[in-house]
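Student: I would like a close look at a single part of this structure, taken slowly and with the numbers kept in view. Could you take me through one helix together with what surrounds it?

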Amino acid sequence: MASSFWKGVVGIGLFALAHAAFSAAQHRSYMRLTEKENETLPIDIVLQTLFAFLITCYGIVHVAGDFKDMDATSELQNKTFDTVRNHPSFYIFNHRGRVLFSAPEVVNSSQSSPLVSNPSLKLRKLEPLRR
């Protein structure tokens, strides 16, 4: 858990960024009133923005906690080859294979139509999947 000091640093950094944005908007409206078009932001607003951004990023790094290694072997060394690509969330047992590969229904030859010569070639009606 991050200490309250680093959370305070992030809060101060965000407050300073908001203040720099407000100062930039106020400077822009002042430039419109005085009809000066091509002036850049004053250096104090630029420096405040950069300093607040760096402070906020530094605080966020400490609040986020320890980073994981980018090396894949550190995470995969405890797994066997069989469980590396195993994703149980993709297991689906309610699919059309149950209907397609089930045993064919027995059809009485006296009730079959004369157009169908072989009862095994008769198409079965697919049952709707019930959930």
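Tutor: What follows is a walk along helix α2, with the loop before it, the helix it packs against and the chain as a whole.

The model is a predicted one, and every value below is computed from it. To place the helix in its setting, the protein chain has four helices and zero strands, so that, read along the sequence, its pattern is α-α-α-α. Of its 131 residues, 11% count as buried, and the chain exposes about 12200 Å², of which carbon and sulfur atoms supply 62%. Among the contacts with a separation of 6 or more, 70% are accounted for by residues 24 or more positions apart.

Helix α2 covers residues 43–64 and is preceded by α1, at 4–33, with a loop between the two. How far apart are the end C-alpha atoms of α2, and what should its 22 residues span? At 1.5 Å a residue the expected span is 32 Å, and the end C-alpha atoms are 31 Å apart, which agrees. The same test can be put to α1, whose 30 residues should span 44 Å at that rise, while its end C-alpha atoms are 43 Å apart, again in agreement.

Turning to how α2 is covered, its buried residues are Ile45, Ala52, Thr56 and Gly59. Seen down the axis of α2, these buried residues fall within an arc of 70°, so they line one face of the helix. On the other side of α2, Ile43, Leu47, Phe51 and Leu54 are exposed. Phenylalanine 51 can stand as an example of that other side: its relative accessibility is 57%, and because exposed means over 50%, it counts as exposed.

The partner of the buried face is α1, since the buried residues of α2 pack against α1. Seen from the opposite direction, the buried residues of α1 are Val9, Val10, Gly13, Ala16, Ala20, Ser23, His27 and Met31, and these pack against α2. Two C-alpha distances put figures on the pairing of the helices. Isoleucine 12, which lies in helix α1, has its C-alpha atom 7.7 Å from that of threonine 56, although the two residues are 44 residues apart along the chain. Phenylalanine 51, in helix α2, and leucine 17 are 34 residues apart in sequence and 8.8 Å apart in space, C-alpha to C-alpha. Isoleucine 12 itself counts as exposed, at 59% relative accessibility, whereas threonine 56 is one of the buried residues of α2.

Histidine 27 deserves separate attention, as a residue of helix α1 that is buried, with a relative accessible area of 15%. Leaving aside residues up to four places away in sequence, histidine 27 touches Thr40, Leu41, Pro42 and Ile45. Of these, Ile45 belongs to the buried residues of α2, and Leu41 is found in the loop between α1 and α2, so that the contacts of this one side chain's residue reach both the loop and the helix.

That loop has features of its own. Just after α1, glutamate 35 takes a positive phi of about 60°, a value to note in a residue other than glycine. Most residues other than glycine have a negative phi. Glutamate 35 is exposed, with a relative accessible area of 68%. The structure holds one salt bridge, and it is formed by lysine 36 with glutamate 39, the closest N and O atoms being 3.9 Å apart. Both partners are partly exposed, lysine 36 with a relative accessible area of 41% and glutamate 39 with 45%.

Leucine 41, in the same loop, is partly exposed, with a relative accessible area of 37%, and it takes part in a nonpolar patch on the surface. That patch is formed by Leu41, Ile43, Val46, Leu47 and Leu50, with about 450 Å² of accessible area together. Ile43 and Leu47 in this patch are also among the exposed residues of α2 that lie on the other side from its buried face.

Finally, just after α2, glycine 65 takes a positive phi of about 95°. A positive phi therefore appears just after each of the two helices examined here, at glutamate 35 following α1 and at glycine 65 following α2.

Key. Residues are numbered from 1 along each chain as its sequence is written. This is a predicted model: local features need pLDDT of at least 70, side-chain atom pairs count only at pLDDT 80 or more; totals for chains, interfaces and linings use all residues. Side-chain values use heavy atoms; hydrogens and water are left out. Buried means under 20% relative accessible area, exposed over 50%, partly exposed in between (1.4 Å probe, protein chains only). Patches are made of residues with over 30% relative accessible area and no salt bridge: like charges are joined within 9 Å, nonpolar side chains (Val, Leu, Ile, Met, Phe, Trp, Tyr) within 5 Å. Accessible areas come from the Shrake-Rupley method with a 1.4 Å probe; for residues, only the protein chains shown count as cover. A salt bridge is a side-chain nitrogen of Lys or Arg within 4 Å of a carboxyl oxygen of Asp or Glu. The expected span of a helix is 1.5 Å times one less than its number of residues. The arc is that of the directions from the helix axis to the C-beta atoms. Contact means heavy atoms within 4.5 Å.
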